[in-house]
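I opened a fresh notebook page for this one and went through it piece by piece. Here is what I looked up, in the order I took it.

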Amino acid sequence: MSSAQALSFCRIVENLDGIGFWSTDTDGNVLHLSGKAMTRLPDPGSAFGQPLTALFMQIDDAGESGRSLRFALSRRSRFERLAVCTGQEENRRWWLLSGEAQFDNAQHFTGFSGICSEITDDRRIAEENAKAAMHDPLTGLLNRRQMTRKIERTLSAYRPHKRPCATLLIDLDRFKQVNDTLGHSAGDALLKQVSERLLTILKDPETVCRLGGDEFQVLLPDVEDRGDLGNLAERIIAMISQPYSVEGSRCIIGASVGIAISPFDGTETDELLRNADLALYAAKHGGRGAFRFFSRELLTAAEDRRQLEEDLHDAINRGEFVLHYQPIVQCSTHAVTGAEALIRWNHPEQGQISPSLFIPIAEESALIRRIGDWVLRTACMEAAQWPRALRVAVNISPTHFSDPGFPASVTQALAASGLDPDRLELEITEGVFLAQGDEADARFKTLKALGVRLALDDFGTGYSSLGYLKSAPFDKIKIDQSFVKGATQTGSRNRAIIAAIVALAQALEMETTAEGIETHDQLDLMRELGVSQVQGYIYSRPLQPEAFLDGARQTDWGIEPEGPACQRQDRVSLFRWIGAIHEDFYYPVVLRNLSTTGALIEGLEDVPVGTRFVVYFGEGQLEVATVRRITGDKLGLEFDKTLVNDGTGGLCTRTRISPYDLISAGLPPDFEASTIRTPIGPRDGKVCVPAFTSTIGRKAIWGTQGTS
């Protein structure tokens, strides 16, 4: 190629968009840069004479393995397609540099010459593709793959330093109804609004991901305080549960949250996520709209649930169900006006099983319709035998209510028993409206035509109950016990809420029943506010059919209220082994009851008031307590720090001792099984664990420094 041809070729290349020649002197300062490349620099006028390494910078994300322009120039040899950039932020451009060292005839180094080509568009497309690969296309949040990688990296980095990391799984309740009634486009719009609300609370978009469908996940590094996590979960549930406006329609959904914390609930990604999922499952099947921390008992719950479902199929045929009746009492006279029928399952091997365990299983497996029909028939049959015309209330599942054959089931139960329809009261929650829509109105009319009474159960716990009252022909409103609890405490708004419900019911000519009345001050308040009827332990626990029948035989049957004068701090009655640590000894003791501020334990003698213990509840939960009162071998303890809600109505400590610390403090892996669940050791029951008490005990009492 002639010199003229070479010059012409160079000019053609220099005129191409984004391509140019460059050269430097022996010190690496720029001598030449093609015009079109020059115009794309942040400050073209000052390019000549600058070091090439100042003009073209190494890409920030190249990492330690990335090739350095400074290193390439120092080698004085050829380099090709070295990625560099110019400018900052919105003015940033990316380039590929290729060059070769130049020497004169005497082999003296004279500088570098090479070519550059701009790759900004390609780079931005690659970044967009990378972002798309890491983010959910609908909400813009991180996707499942990226969040899993993030968790893996976090746990790996935190493991050597024993740092905690929490993850929350969030599942939307009743989202399917939105898709079914308004369409998938409305569902997508709703998911976008949910993601915006999550970011409003959590702030950092790098901590939130959409797993897919209506599930979200949150990662919170260096967080372990279960009080703070519980408060966060409640904020998330409350915000997600606020009404939405989607394509001109008003939507109401809810949320359930499962929480797991590393290293306590798992040190590997799969283990931590599985346990968070188990906690979410427990939250959803504990009533939804709640949160749940993972606990070891959930590992066996899945197998227990499967076995219960198998047994549930045969429970009706084997006659294992029975109804108990809790009296409903006229507030002003103490006269019994009726009863609520409550199902009980007497399992042949496990004894009595709580409805909170088997009803959710029945709901999922469609067994609830068979069980609901049995309850209707049995309640009507047994109520028809009562010597007085007391009413019987039956809870109706939304799934059962949605069955087209439900009105026929009610008709058959009334006909077979001969019960006056006015004595049958069907308790229905707002869930029937969410599932049925306009179909609910037609079903209500059919039921009212039969002459039965309708009660709106758990009133005030939803968000649209007033709208239901406008159209549904209810005879009674049941005030949920969540409003009764705390209503007598100073500053509580529950009193005003109950007063408003009563006023509304009176205006609509409806009765009111307050649930869960346990103390005299609560009963006095219900009378003061004009509540029609009450039910709760202050009058009676649920009675077996024979016991209720005996009461119904009494003329003008009334029950005198018996119970505490006022509501105490919520106290959970228990009977399980825990540990009390004092000095160098661990004592297995029985936990009798528990509140946020203290506990009653049994099993120690000759302990003076003022003695300090570290109470070990298991699973790394420790709290310092002081003996405040003594009755025989029962000790009343006051905690230094209050316990917090565990999401299920139970209590837990705010923080836990890491399993790493428990083992390093001298506890064998089977310590809990051997000393708490089946106490062993010396005859007096104590177990000497000086290493444990000297480290964990001091940490618990005097702080993490372990000094007095």
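**Entry 1, a hairpin.** I started with the hairpin of S26 and S27, where two residues sit between the strands and glutamate 619 takes a positive phi near 55°. I keep in mind that this is a predicted model. S26 covers residues 612-618 and S27 covers residues 621-631; the two run antiparallel and are joined by six bridges. For one pair in register, I noted valine 614, whose bridge partner in S27 is valine 624. Is S26 mostly covered or mostly open? I found it mostly covered, with six of its seven residues buried.

**Entry 2, the whole chain.** Next I stepped back for the totals. I counted 25 helices and 31 strands in the protein. Of its 708 residues, 47% count as buried. The exposed surface comes to about 34,300 Å², and carbon and sulfur atoms supply 49% of that. I also checked contacts with a separation of 6 or more: residues 24 or more positions apart account for 63% of them.

**Entry 3, the six-stranded sheet.** I then traced an open sheet with the order S2-S1-S6-S5-S4-S3 and antiparallel pairing. Why do S2 and S3 each have one side without a neighbour in the sheet? Strand S2 (30-33) and strand S3 (57-58) stand at the edges with a single partner strand each, so one side of each is left free of a neighbour there. Inside the order, S5 (residues 93-103) and S6 (residues 109-118) pair antiparallel over nine bridges. Glycine 99 has glycine 114 of S6 as its bridge partner.

I picked serine 23 for a closer look; it lies in strand S1 (residues 19-24). Its relative accessible area is 15%, and the cut-off for buried is under 20%, so serine 23 counts as buried. Beyond its neighbours within four places in sequence, serine 23 touches Asn29, Val30, Leu31, His32, Phe112 and Ser113.

**Entry 4, the five-stranded sheet.** Another open sheet has the order S8-S9-S7-S12-S13, with mixed pairing. Its edges are strand S8 (208-212) and strand S13 (291-293), each with a single partner strand, so each has one side without a neighbour in the sheet. From one strand to the next, the twist averages 20°. S7 (residues 165-173) and S12 (residues 254-262) run antiparallel and are joined by nine bridges. Threonine 167 stands opposite alanine 260 in S12. I then looked for what lies across this sheet: helix H9 (residues 226-240) lies across S7, S9 (215-221), S12 and S13, and runs at about 160° to S12.

**Entry 5, the cores.** Which residues have the most contacts inside the largest nonpolar core? They are Phe321, Leu424 and Leu426, in a core of 76 residues. Helix H13 (residues 367-384) gives the largest share of this core, nine residues. Following leucine 424 outward, and skipping its neighbours within four places in sequence, I listed contacts with Leu376, Cys380, Val392, Val394, Val410, Leu414, Leu419, Val452 and Arg453. Apart from this core lies another, of 37 residues, including Ala186, Leu202, Phe264 and Val644.

**Entry 6, a bent helix.** Last, I checked H11 (residues 297-315), which bends by about 25° at glutamate 303. Its buried residues include Leu298, Arg305, Leu308, Asp311, Leu312 and Ala315. A reminder to myself on spacing: an α-helix has 3.6 residues a turn, so residues three or four places apart point the same way.

Notes: Residues numbered from 1 in each chain as written. Predicted model: local features only at pLDDT ≥ 70, side-chain atom pairs only at ≥ 80, totals over all residues. Heavy atoms only, no water. Core = buried A, V, L, I, M, F, W, Y, C linked by side-chain atoms within 4.5 Å. Buried < 20%, exposed > 50% of the residue type's maximum accessible area, 1.4 Å probe, protein only. Contact = heavy atoms within 4.5 Å. Bend = angle between axes of the 7 residues up to and from the residue. Pairing = 2+ DSSP bridges. Areas by Shrake-Rupley, 256 points an atom, 1.4 Å probe, with all protein chains shown as cover. Axes fitted to C-alpha atoms, helices over the stretch in contact; angles between N-to-C directions.
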